[in-house]
Each structure stands twice: as structure tokens, then as C-alpha cells.
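Q: Please take one part of this structure and examine it closely. I should like to know how it is built and what surrounds it.

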Amino acid sequence: MAEGDWTVLRGPVGSDEVIATATAVAGRHQLQCDQAGPGTIHLTNPDSGPLVTVRWKTLPPQAPRTLGFQIPAPAAVDILIDPAPGAGRLAAELHDALSARALPYTDSELDGIRAAMPLLERYSTTPQQAFDGWALLFRDHYLEHSTGFVLAMERAGIPAEWIFTLDKGDRTWNRQRVHATFLARGYRSDVLDNSAVNDPAAHHTDLARVQAEVDAFLDAAHTARRRVLVVDDGGLLARGYGAAGAPRRVDAALELTVSGIKRIAAAGPLAIPVLNLARSQVKTRLGYREIADSCLRRLRALLTDRKMIGRQVLLLGYGTLGSRLAAQLRALGCRVDVVDTDLPALIDATEDGFTTYRTAADALASTTPFLVIGTSGELALTPDDLPHLPDGALLAPFATRDFSALTEGPHRARATDIPGVGMRFDLPDGQAVTLLGNGRSMNLFEADSIPNQGYDAYRAGTLIAAAALCADPGRVPPGLHTAPADTAIAAAGLWEAYYDLYAAPRPAPRQPTTVPAPRPAKPAAVTGLRRAAVVGYGVAGRLHTAILTDLGATPAVIDPKHQDLPAAVRTFPHEVGELSPAVAAGIDLWSICCPTAEHLPVLRAVLAHNPAARVLMEKPACRGHEIDAFTRLLAEHPDARIVVNDQYRHSTTLPAFTDLIATLEPDAPIQKVSVLFTKDRRPDSTSGRFIDRDYGVLGYEWLHMLAVVRGILPTPAWENYLASDPATTTTAPTYDPGLFVAALTERTHLPQPGTGTGLQLELTSSILGPGQAEDTAPAPRPPWRQGLRAADDRYRHVTVHAGRTRFTLHLEPVTAPGGWQLERNHHRLTAVRDGALLHDEVLTDSPLDTSVRHAATVLFDDTPLPPPDLAPLRHIARLADVLRERAPRTHRPQAESPTSA
């Protein structure tokens, strides 16, 4: 801040936050923070008096600071920062600190942006495997729909610490808020101005600084064995990051604009695959309509005092944007003349009924437009054309270079700025013209351009294309390609989803109903949960870290083996027992996500630090032969609160399943329950991962299967199953010399008192490859899509026969006959009677998310907590004993003796 200047911030910042922020700044400079009364504080030097005065007041509800509105309106506070002479730097530091709190979009504002882009939401609900191991470099205008897109990429699987966003430098309305939001989420954020890309020599210092940051990001990503995807307007690729022989190179890219394509072409041959979204069907057919609409709306907003109907307009450029804008202007009542140097485009304009000219000079010699519009992206008005402009003419640039004869030539120094409108130029021949905006794309000048919903389909298409490219970048050869993007977008069902959402006159018959799980966008924090330690940073550990962060915890990660620990959280690359007492004492909740063989030693180390620790453990709690030792450890620590995560026990899909059974067959007892959980674990076994030589297939999915069975069976039937002797059941094992039992089917007959019939329970699991249960093809409509991902290597089917009806719950990942697939955390529920489909519903739920939230809540309750239920694990241990006794001698593992308790 300049000396003596005061400034005002506005945002949802409470008094406590203002005081805390000011106190922190004062402390860094050994100053005092004195409260002078309600709403006023001074940052004071005891020797010289106040250096900065801060005043704030709460405002009545204000107009939205976003394109959409929120109910209720966000809180609004004005904060005035007034430095004394010589305290400008201190005031600037305080301004930056308060801006970090006042400027980012609020949760309700982000929810509004997300809700306004339902197609983007559809394709980014859960992490996608395609983005595993990738980092993102995103360069575009800082707009609300850009914010929505980058947040969607984070939801789809790009970690926040591996996202770097770059603004293109236009004076968009909320660019500072977008920047602050990105920083608050843990992204890197900076500016790579188009002017610097177009004229590197004139912007050498800024360009060198940003390039150094990009280089450091690329180096860090590649060191962490992450590939880098660029989503860009040609700025980065034009700087050589996609060229063969470049000292640093990204791994794949999506190009968004025609101007970017021109820059890429000028930069030389590409050594990476680049998908051309600028010429994609989704942008050509849908995006440019919205761009043209935003141009006309911004034009009319700047010309509120001018008549447009019936007046003469000269349009320079009849390409994808110009042709649409010409039609809109004519529909408004304007008389439109067109100039284009490309003869096919000029012929199109002529045959569309417009008067056309080969050059701007020819047009200006024949007509007197009150408004000249540039859409060509090239030098549309030359210095020789300027004397022919009518006095008082308005110039509206919708591409940066069209009027650069004014903005980049000697005329710029003599221009008069008109705040909020543009620039006035007094030309040498005596006439004056007004350039609307700042010479760059006028629809972006102090505006947010296209409505979020208007760009929803294009942003969703961009995410789909990115996922397709990242899933297999070697499939697309180096160079610029449009067809792979169009193919991926069509295969994902975006066109069908767009039509159903915005164009269909009525809902389609038999369209599956998507029932979202009742989870808020940001859950309420768990009282008492401030710091959490996640032990093990594999797949489960990463998910626990994200969920606990959402619940308000500050996480730390402990993993002595993992080499890719997150940069955004505190990490400890050593054992739990090696933590300092001070660190361990500050942990409110321990989440044990390491391999099962390490659970018991880690729990001992945790309880040694804190005998009353709150502990969440991934399932299973321990190995079967450790059950007695695990039970003794719990008995020795009666004050400890321990929950073993049981994700399917708390899943919302099971109550929906049993409710449907009760609704369609209210009087019929369940006759048969079949549970099939399979996964091809041969690649994992080959690499040495996930090998359970003691219990084979029983050590993988069987506990999850029992959790599902518990949620379906009547309580007496479930208790009968647990009490049954596994030696009396029928088993069909597939023995393996290295894996003990690689596949198993267990069939049990359970009595059902009072029904006159028994219940057949069939459990099947395999680690040799996927298996498919009986299923029906869905209606080919959203949310179903084809080609969403490669063939699933895992199936989880639950089938119940009751009365005349077969009920099926297909847990994610879901691939149905015909190759139709659902997104992650989407599940299918069907009912078939006499061959006819009665019910077909899609449910949304993340079982792990739901169960971890439940566990965190009960761990901090005051109510007594029952000990972990180890009965299913004991049953598995007994079943393993039986299988071991029945195994051929050459297939019997040399295992530790399991418990028989």
C-alpha cells in the first residue's frame, strides 16, 4: 500500500477473525494490538504510538458477490485499514492477511457454483482411476466456471498439492477471489498474461518469474513420479513445454482456444499428445453459442444509454463466434455488414443474407457504422483504416488483436481512460472513437462472462476428455487431435445427459432414479476432533486423511515406508513408537490404516503413548491368530475407545435394499441370499502385494461379505450362522500352492423359526479373476454411460430371493450387460418378477466415507462404547481351520496356529 492510503476490504469476516489476524501480524513485528472500542483496533509501537488503525462494521445483507445468489445471503463486513505515515508495508501485510480470509468464496458460494454445473458434477462425483499419479497445470481466465472446473478436477482425483493454476491476465470481475480461493485450497496460483506470451521480450521479468515457478512444479511432479497434464490456452505449450528436446516437458495437454492452436502451430512440432477442445463438437455446437450470448450481453451492459435497434453495425470476422454474433445482432434489429479476409467465410456471410466486404477500408468507405465489432483474432483494423472511422464510433473487441493498432501503437499513450467503460482515443484526423473495455476480450472486461450453467457442458466435456487422455496417454500419438476428444465425450453420454437435462420435453420412461446419499457438501465438524494421526498412507490412508480433514481435523500422516507423503500436511516417516511424547499427546484421534499384520503392534504403540486413546482401525482389526492377544490388549486399557471400521454396516445402500424387499414382498420370507465378491488380484500377487498366505481368499473380502449378510438376514438367522460349525457347511474351495485358498463358495442352510422354510445362504469369493452374477441391461440413459473406464476387475453382487421376486444390489463398481457403467460410489438396485423388471434404481453412497464419519462421531460421544465385534473374524478363523484340514497335503500353508476361541 502507498504511504498514507487507506483501503477497505469486504467479506464474511467476524470480529474474532479480524482481531486474531491483526494480533498475529503485530506479534511478528513485536507490536501491540490494542482494542480502542467496538470495531476498532490499533497496531501500536509502544514507543511511537499507533501505526495502523483497523475499523470494521457489519453490513446489512448485500447483493451477491457471485453470479448466483445464496439463501440466506452471506454475512458482510467492511474492514477499513488506515496506516499512519511510514506504516505502508505493515498495512499491506495486514491487508494481505485479512484478504486471505475475506476474499475466498464461502462454502455456500462454492456450493452454488457446483450446483449450477450439474453435468460437471455428474462426471466428477468421485475420484477416477485415470487421474492416479497425475498433476494438473491449468491456465485460463479466472472465472466462476473455471473455479468449478478446477474443483471438479480435484474431486476427480488430482490432489490439491498437485494443482497449479495460472490466470490469463484479463480484468475479470472476481479474479482476486478466484486466486484467493485457489490458494486457500492448497493450489499454487499465479498469472501468465497473454500479453507476455505474445510479446516475451517486452515482459521478460514477469515471464522469467512465472516460468521458474512452472519449472519447479514440473520438477517436483516428475520427481514424485507424477505425470503432468496441461489444460491451457496455448501459453505453456507455446513456451516449448510440449516440444521435443525441451529441457522440461509436460506429458499431455488439452488446448482450449483457437488462438492457442495458432500459438502451438508457431512453436513447432509437438512431442506430446494434445487434444483440441477448441474445435471439439461440444465447444463448437454448445460453447460458442454461450460465448456469443455473453458478448452481446456485455455489449448491451456497457451501452445502457445507446440505441441499438435499427442501427448500422460493422462486424470484422465471420468465423465460429462472429457468425453467431451476427445472427444475434440481426435478430435484435441491427443492420449488420460483415468483413472477412477468408473468402469461404465471406461467402457464408453473403449467403446468410449479410452485406459483405473484402476489407475494412471498403466497408468504411461505403457505410457509417455507429459500432465496429472485432471477432477475427487478427489485426482487423490497420493503421491505414483508422482515419476512416466515423467520429464517435464505438469499438467492441471480442478478440485481443483486432484493435491492437490502437492499443499497442502510439495512440495508446494519448488515450483517456473511462473507468468501468473503456478508453477514448482522439485520432489525428480530428475524430474521436471509444474502445470498450481494455482492448482485450470485452466480454471478460470487469465481468464474469459466460453463466456457469451455460459453460457446464463444455467444462464437463473437458474433464471427460482429460480423463480419457490420462487413462492411456500412449494411445494418442504426439500432435494435435480433435477426434479422440469427440469420441470420449460421446461415449461418456454427455450429449444424452445434456439433452435430458436441458432439452427433453418430458422425463424418459424407465429412467433410473439417482438417489443421493444425505451428505452435506461440507459436514459439521466433530466436537473435540482437532488433530488426527493417520498411520499408513496407502489407499485407505489417503481416503481417511481426506474424510477426517472434512470433519474439521488437522491431519498428520505417519508412514515409515511410503515415499510419496503429502506436502500439504505434517508427516512423520518413522514408526508410531518413535514419536515424541509431545507430538503423541496432541493427537485426538488415531486412524490405523497400515497392513493388517501391523495393526496389533501399532495399536500397542498408540496405547503406550495414551492408554485412553481414541482409535479408528481399518478392518480387519488383526489377523485371526492374534484375536486373543488383541482382546487382552483391550482389557488392559479399559479407558481406550476403539472402533473397527465396518463400512458396509453403515452404508445407506443396505437399508434401501431391505426396504425394497419389504415393500415388494411384505409377507414372503427370504428364501435365499447370495453374496458374490470377486477381484482379480493376480497382478498384485505377482508384485508381492496383498498376499495372505494364512487365510487366502478369506483374508480379503470375506469380512465385507459378512457385514453385508448381517445387514440383510433376520437377527436369529445371523446369530445361527455365527454359531454354526463351519465343518457342517458345504464348501467348494480352489486350493493354490502359494495362496492357500484362491476361491471359495460356502453354502449354509439356516433355520427360520415360524416360517415353515429354511434359508439358503451362499457366499462366493475369488481372487483369481472377476465373476459376473445374473443381471439385466439398463435403459441406455444417464447416469449410465459406456466406455467410462476399462473393464472392471472387481464385482460385488448381492442377490435375495423372496416370494416370486429376485432382488439384486450391485455395489460399485457397476458394469451391466451391454458395457453400461456407473460412476464410482454409484450402486444399482433392481427387482425382477417373472422375468419383468419391476424396479431399477441408482443409489449414491460412499460406504467408507459414511462409516468413517460414523466412527469419528461415536468416538467423541460420551456414551459407553461397546468393544469391537470380533465374532465374524473368529468365524473366519474357524472356517480357515476347516479348509486347512481338508486341503491336499501339497497345498497346506505353514501358518501360525489360528485361534479356535
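A: The answer below deals with one helix and then with the strands beside it. The model is predicted, so local features need pLDDT of at least 70 and side-chain atom pairs count only at pLDDT 80 or more, whereas totals for chains, interfaces and linings use all residues. Residues are numbered from 1 along each chain as its sequence is written, and side-chain values use heavy atoms, with hydrogens and water left out.

Helix 11 covers residues 320–332; helices (H or I, at least four residues) and strands (E, at least two) are DSSP runs, numbered from the N terminus. Its 13 residues reach 19 Å from the first C-alpha to the last, close to the 18 Å expected at 1.5 Å a residue, where the expected span is 1.5 Å times one less than the number of residues. After helix 11 comes Gly333, with a positive phi near 115°.

Leu321, Gly322, Ser323, Leu325, Ala326, Leu329 and Leu332 of helix 11 are buried, that is, under 20% relative accessible area with a 1.4 Å probe, protein chains only. These buried residues pack (heavy atoms within 4.5 Å) against helix 10, strand 12, strand 13 and strand 15.

Strand 15 (residues 371–374) leads on to strand 16: four bridges join the two, which run parallel. Strands pair if DSSP finds at least two bridges between them. Val372 has Leu395 as its bridge partner in strand 16. Strand 16 is also joined by two bridges to strand 19 (residues 432–436), again in parallel, and here Leu395 stands opposite Leu435. Both faces of strand 16 are covered, with Leu394 and Ala396 buried on one side and Leu395 and Pro397 on the other.

Definitions and conventions. Buried < 20%, exposed > 50% of the residue type's maximum accessible area, 1.4 Å probe, protein only.
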